[in-house]
Structure formats: C-alpha cells, structure tokens
Amino acid sequence: MRSIDAAERRARLAVRHRLVTPERSGGVAEIAGSLVALHATDPATVFLSVAARGDGLTPADVEQALYQDRSLLRMLAMRRTMFVAPVDLVPILQASCADALAHKQRRTYGKYLAQAGVGDGDVQGWLAEVEAETHKALLERGSATGAQLSKDVPRLRTQVNTAPDKSYSKPTNITTWVLVTLGCEGRIVRGRPNGSWASSQYTWAPIESWLPEGVAAVPAAEARVELIRRWLRAFGPAPVSDIKWWTGWTLGEVRAALGALDLVEVDLEGVTGVLLTDDLEPVVAPEPWAALLPALDPTPMGWQARDWFLGPHGPSLFDRNGNIGPTIWWDGRIVGGWAQRKDGEIVYRLLEDVGADAESLIAAESQRITDWFGAVRAIPRFRTPLERELTA
C-alpha cells in the first residue's frame with residue numbers, strides 16, 4: 001500500500017488548490033473548477049477565494065464571470081450548502097444533489113402548508129401551480145427580486161406559521177420557499193445582488209439566462225461518480241468518511257459511486273484513504289508559501305478530518321456549528337487567523353511562531369487582500385472566536 005504523509009498531502013493541496021506560484025493563475029471559472037466549486041454561503045467568500053488564487057484578478061473579473069460571461073452559476077448543492085460552480089458542472093450537481101434537495105424542500109414546505117389548511121386538500125398541486133406562475137412571471141420580467149415577483153403572483157404572499165404553538169413563531173410568506181424550491185429544481189438561478197459583491201440580496205433570473213437549453217439531464221448514479229472523481233482529483237487522497245461528509249450523501253451512495261471508479265487504497269499515516277489510480281505520482285513540494293483564505297473557503301472546508309493541516313487551532317477558528325473563519329496559511333498549514341475591521345484595516349494574529357521569512361510573506365498577502373477589498377466591508381456571516389477578538 002502506497003504511503004502518503006501529511007507533508008505530501010500539503011504539497012498536493014498547495015498545487016491543486018492554486019495557492020502557490022506559478023499555480024496562482026488562470027481565469028475565475030478555471031480557479032473554481034480546481035476546487036470543484038466555490039463555497040458561496042457567504043457571498044464574499046467567492047471573491048476572496050479567487051483573490052487568494054488569482055494573481056492579477058480583481059473583483060470585477062469575478063463579477064464578469066458570474067453575471068456577464070455567465071461561466072459560473074450559484075446553486076444549492078452538497079449538504080444543502082450554497083456553491084458557485086462552473087456551468088459544465090451544473091448538470092452533475094443538479095442530478096447528484098439538487099434534485100434530492102428539491103424533493104425534500106417541497107415535502108417539508110408542503111407539510112407546513114397542509115397544517116395551515118392551504119391547498120384544499122391538494123397541497124402539492126397548489127404548490128406546483130404557484131411555482132409555474134412564478135417561473136412564468138420571471139421569464140416575462142427577465143430578472144426580479146422576490147418582492148417584485150410577489151406582486152405578480154399574489155399567492156406568493158400566502159402566510160404560514162410553521163410553529164403556531166410556539167410563542168416565538170410568527171407567520172411568514174412563502175415567497176422564499178417557492179424561489180428556493182425552483183432554484184433547487186434548476187428552473188431559476190440567483191443573479192446579480194443589489195449592492196456590493198459582499199451583498200446577499202440577490203435578484204432571480206430564469207435558468208435559461210445562464211443555460212439556454214436548461215440543465216441537461218444526467219442519471220443520478222452517473223453524476224455521483226463524476227462528482228467524486230472531480231473531488232478526488234482536487235482533494236484526494238482522503239478517507240471515505242471525508243467524501244461522505246463533503247457530499248452529504250448516504251454511505252451506500254458513496255460506496256456505489258466509488259465502486260465505479262478506478263481507485264487504490266493508500267495509507268495516510270495510519271488511516272486508510274482512497275486515490276485515483278492515475279494520480280499516484282508524488283507531488284513535488286513547492287517553495288514555502290503564504291495565503292490568507294476567507295471564512296468558509298473550500299480548501300479548509302474540503303475535509304472533515306483536518307488535523308493534518310489545522311493542528312490545535314480549531315477552537316479559535318471555528319464556530320460552534322463547524323464553520324471556519326478567515327485563516328492564515330503557511331506552507332500547507334493553518335497558523336493563524338485574520339479579520340477586516342470597520343475602517344477596512346486587515347488585522348491578523350499568528351497562533352504559532354513561523355519565523356521572520358514567513359511573517360514577511362504573510363504581511364505581503366495581508367496588503368494584497370486589503371487592496372482587493374478596496375471600499376467594501378464584509379463581516380463573515382458566521383463569526384468565530386478569533387475573528388470577533390480581532391474586530392472588537
């Protein structure tokens with residue numbers, strides 16, 4: 001069994017995730033594809049993840065890829081998490097993740113509607129009608145906010161109290177429910193937000209605005225195989241438990257997909273991992289490198305088992321729900337955290353001694369990220385202990 005230690009995994013991470021020169025190049029969609037997709041729960045993450053990997057790129061380049069070239073698309077996928085994905089990957093994510101999410105969303109929302117007495121006994125039929133009306137209205141408008149669509153489709157303003165027996169609960173209209181379900185079905189997509197690139201107040205557009213023929217149909221089992229293949233190319237080697245966690249699939253679904261791939265087992269310092277058989281060649285360690293990665297960056301969120309690059313720093317850098325904050329990396333390891341203050345200053349704290357050369361490179365990266373932000377201020381959606389301390 002081939003043995004791959006932490007040092008080699010860190011070298012793979014540096015090269016495959018474009019965190020070291022000369023790999024810090026290419027276009028925005030190419031960078032996203034290197035990581036399978038970019039985490040997008042926090043809108044700023046997409047831009048700052050590109051900033052860390054794209055020398056010479058600017059926020060305007062990301063906006064062009066998203067909203068003009070439309071080579072990227074924002075969608076819910078793995079673990080019901082928001083991602084920005086290259087458009088060629090959208091059919092794979094749709095079949096392997098989003099279709100199941102749409103079914104689950106409709107079932108959940110249907111239960112609440114039935115409890116509220118909506119639909120005259122045919123809740124799913126009623127909901128399908130509202131979805132069709134909403135999609136038609138959006139096709140006519142081209143793009144719209146939820147508020148604008150609720151004027152066109154009055155039933156979007158239907159109010160439901162999901163927990164009427166709880167004192168804290170209050171009625172809410174179903175606009176977001178319908179839009180999220182349509183998004184999961186691949187019928188509509190989140191478009192350009194109102195405000196800066198750190199804003200999450202999105203407009204909506206028909207999927208045809210991005211993909212004129214709609215999302216191509218792919219068998220779910222085939223899609224799961226392709227998604228794991230891409231993940232292993234970017235994040236392998238790794239234990240099967242990491243794959244199960246990252247995808248959010250059942251263990252049976254993961255094992256079935258792995259069974260269709262040409263894999264080899266490898267020893268990861270006492271833990272068994274898997275790797276594509278055509279990817280066994282050692283990766284040459286690059287020159288030492290530094291990076292400032294944003295909250296929820298796809299690199300640290302790519303694995304469930306993180307000790308080989310995180311060390312003892314988890315309590316300072318993660319919130320209680322497992323969301324990572326902004327991190328400082330040195331030569332393949334997390335060594336500190338950073339934050340942006342209200343005046344725009346980037347401040348950071350090293351959690352271990354990394355030496356003068358490392359500190360110099362980290363300071364240069366800090367300045368580069370400062371320049372990227374410009375006048376934009378972005379507070380991470382999920383606050384972590386160290387990020388809060390640095391901005392107090």
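# A walk from the first loop to the strands near residue 330

Pro-22 is placed in the loop between helix H1 (6–16) and helix H2, where helices (H or I, at least four residues) and strands (E, at least two) are DSSP runs numbered from the N terminus. The peptide bond from Thr-21 to Pro-22 is cis, with omega near 10°. This is a predicted model, in which local features need pLDDT of at least 70 and side-chain atom pairs count only at pLDDT 80 or more, while totals for chains, interfaces and linings use all residues. Residues are numbered from 1 along each chain as its sequence is written, and side-chain values use heavy atoms, with hydrogens and water left out.

A second cis peptide bond links Gly-236 to Pro-237, with omega near 5°, and Pro-237 lies in the loop between H9 and H10. As a general background, most residues other than glycine have a negative phi, and most peptide bonds are trans.

The loop between helix H2 (28–34) and E2 holds Val-36, a residue that has a positive phi of about 75° although it is not a glycine. Val-36 is buried, with a relative accessible area of 2%; here buried means under 20% relative accessible area, exposed over 50%, and partly exposed in between, for a 1.4 Å probe and protein chains only. Leaving aside residues up to four places away in sequence, Val-36 touches Pro-86, Leu-89, Leu-227, Arg-230, Trp-231, Ala-234, Phe-235 and Trp-246, contact being defined as heavy atoms within 4.5 Å. The C-alpha atoms of Val-36 and Arg-230 are separated by 6.4 Å, although the two residues are 194 residues apart along the chain.

From this loop the chain leads to the sheet, an open one in which three strands follow the order E2-E4-E3 with antiparallel pairing; two strands pair if DSSP finds at least two bridges between them. Strand E2 (38–39) and strand E3 (72–76) are the edge strands, each of which pairs on one side only. Between E3 and strand E4 (residues 82–86) there are five bridges in the antiparallel sense, and Leu-72 stands opposite Pro-86 in E4. Helix H5 (residues 90–115) packs on the sheet, where it touches E3 and E4, and its direction makes about 20° with that of E3; axes are lines fitted to C-alpha atoms, for helices over the stretch in contact, and angles run from 0 to 180 degrees between N-to-C directions.

Helix H5 also contains Arg-106, which is buried, with a relative accessible area of 17%. Not counting residues up to four places away in sequence, Arg-106 touches Gln-124, Leu-127, Glu-131, Thr-181 and Glu-185.

Further along the chain, attention turns to H9, H10 and H11. In H10, the residues Asp-242, Ile-243, Trp-246 and Thr-247 are buried, and, seen down the axis of H10, they fall within an arc of 120°, so they line one face of the helix; the arc is that of the directions from the helix axis to the C-beta atoms. The cover over these buried residues includes H9, H11 and strand E10 (271–276). After H10 comes Gly-248, whose phi is positive, near 80°.

In helix H11 (residues 251–259) the buried residues are Val-254, Ala-257 and Leu-258, which fall within an arc of 100° when seen down the axis of H11, so they too line one face of their helix. Arg-255, Ala-256 and Gly-259, on the other side of H11, are exposed. The buried residues of H11 pack against helix H9 (220–235), helix H10 (240–247) and strand E9 (263–268).

The axes of H9 and H11 come within 9 Å and cross at roughly 80°, which makes H9 roughly perpendicular to H11, given that angles under 35 degrees count as roughly parallel, over 145 as roughly antiparallel, 65 to 115 as roughly perpendicular and the rest as oblique. At this contact Arg-224, Val-225, Ile-228 and Leu-232 in H9 meet Glu-253, Val-254, Ala-257 and Leu-258 in H11.

The last stop is strand E11 (residues 290–293), both faces of which are covered, with Ala-290 and Leu-292 buried on one side and Ala-291 and Leu-293 buried on the other. Four bridges join E11 to strand E12 (residues 327–330) in an antiparallel arrangement, in which Thr-327 is the bridge partner of Leu-293. Asp-331 follows in the loop between E12 and strand E13 (333–340); Asp-331 is partly exposed, with a relative accessible area of 33%, and has a positive phi of about 55° although it is not a glycine.
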